[in-house]
Amino acid sequence: VPECFTIDVPKEEDSLLLLYPPSLKNGCRMKPLGVFIPSYEDRGALSVEDGAAVSILMTLVQSGQDFSDFNCQRFLFEMGELDDPWLAEEETLLRQLSLRQMRSWYIREKTLFDLEIYLPSGSWYGSVPSGTPRESSGLENPVAIVLPEGYSFLVSPDRLELVEIQVDDHGQAVWIRESLVQEAPSQ
């Protein structure tokens, strides 16, 4: 992976950039790196933390919203104040930003639930590439994990396995484990 790369962008325009890692499987991929580069700068550094804010802004730009007068740097700063910007209440932010009624107090994390999940032994990573892995000693010992309502996953690169997790609004979770290795078709 190169340490830096160059892209051409129109002068005097702010730039938003997301860099996605390859998909683990159809519809399942790690979170992207992101960067906001103001028009007066000629470079920026991609980060997984900024990826959360940039992805929200990109969703609005792609829907036709004009952000020429929006303080993107302040938004990235406020999102960066969260323990994990990827756990921000995205629906609230999208609604408030689209209405142009954004205030910093709308930037808050989703409700999180303490869960115990049984995983095969090994290191298991969440959807944020730089995150700390959860270590499992085997299926007989649960792994403590904190997740928001909705869909999440854990992946074990060593085992080439993925665990997809669905958490309901009461903190109840179901999960399935599957291999990331494509089986050859039988003949």
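This section describes a three-stranded sheet, the salt bridges, the aromatic pairs and a nonpolar surface patch in a predicted model.

The sheet is open and consists of 3 strands in the order E9-E10-E11, with antiparallel pairing. Strand E9 spans residues 150–156 and strand E11 spans residues 173–179; both stand at the edges of the sheet. Each of these two strands has a single partner strand, so one side of each is left without a neighbour in the sheet. On average, neighbouring strands are turned by 20 degrees against each other when direction is ignored. Pairing of this kind in a sheet is made through backbone hydrogen bonds, in either a parallel or an antiparallel manner.

Strand E10 comprises residues 161–167 and is joined to E9 by 7 bridges, the two strands running antiparallel. Within this pairing, tyrosine 151 has glutamine 166 of E10 as its bridge partner. On the other side of the pairing scheme, 7 bridges join E10 to E11, again in an antiparallel arrangement. Here valine 167 is partnered by alanine 173 of E11. The hairpin of E10 and E11 has 5 residues between the strands, and glycine 171 in this hairpin takes a positive phi near 85 degrees.

The count of salt bridges in the model comes to 7. One of them is formed by glutamate 164 and lysine 25, whose closest N and O atoms are 3.3 Å apart. This pair links distant parts of the chain, since glutamate 164 lies in strand E10 and lysine 25 in strand E2 (residues 23–25), at a separation of 139 residues. Glutamate 164 counts as buried because its relative accessibility is 15%, below the 20% limit for that class. Lysine 25, by contrast, is partly exposed, with a relative accessible area of 26%.

A further salt bridge involves strand E10 and its neighbour E11. The side chains of arginine 177 and glutamate 161 meet at 3.4 Å, N to O. Arginine 177 lies in E11 and glutamate 161 in E10, so the contact ties together parts that are 16 residues apart in sequence. Arginine 177 is partly exposed, with a relative accessible area of 43%, whereas glutamate 161 counts as buried at 13% relative accessibility. Salt bridges that share partners also join Lys25, Glu164 and Glu178 into one network.

A salt bridge within a helix is formed by glutamate 78 and arginine 74. The closest N and O atoms of this pair are 2.8 Å apart. Both residues belong to helix H2 (residues 72–80), and because they are 4 residues apart, they are separated by about one helical turn. Glutamate 78 is buried, with a relative accessible area of 18%, while arginine 74 is partly exposed at 45% relative accessibility.

A search of the whole structure identifies 3 aromatic pairs. Such a pair is described by the distance of the ring centres and the angle of the planes. Tryptophan 105 and tyrosine 106 form one of these pairs, with 6.0 Å from centre to centre and 45 degrees between the planes, a tilted arrangement. Tryptophan 105 is exposed, with a relative accessible area of 57%, and tyrosine 106 counts as partly exposed at 21% relative accessibility. Tyrosine 151 and phenylalanine 153 also form a pair, with ring centres 6.5 Å apart and planes at 45 degrees, so this pair is tilted as well. An angle of 45 degrees is assigned to the tilted class because stacked planes lie under 30 degrees apart and edge-to-face planes over 60. Tyrosine 151 counts as partly exposed at 41% relative accessibility; phenylalanine 153, at 7%, counts as buried.

A nonpolar patch on the surface is formed by Phe5, Ile7, Val9 and Leu19, which together have about 340 Å² of accessible area. Phenylalanine 5 lies in the segment before strand E1 (15–19). At 42% relative accessibility, phenylalanine 5 counts as partly exposed.

Notes. Residues are numbered from 1 along each chain as its sequence is written. This is a predicted model: local features need pLDDT of at least 70, side-chain atom pairs count only at pLDDT 80 or more; totals for chains, interfaces and linings use all residues. Side-chain values use heavy atoms; hydrogens and water are left out. Buried means under 20% relative accessible area, exposed over 50%, partly exposed in between (1.4 Å probe, protein chains only). Two strands pair if DSSP finds at least two bridges between them. Axes are lines fitted to C-alpha atoms, for helices over the stretch in contact, and angles run from 0 to 180 degrees between N-to-C directions. Patches are made of residues with over 30% relative accessible area and no salt bridge: like charges are joined within 9 Å, nonpolar side chains (Val, Leu, Ile, Met, Phe, Trp, Tyr) within 5 Å. Accessible areas come from the Shrake-Rupley method with a 1.4 Å probe; for residues, only the protein chains shown count as cover. A salt bridge is a side-chain nitrogen of Lys or Arg within 4 Å of a carboxyl oxygen of Asp or Glu.
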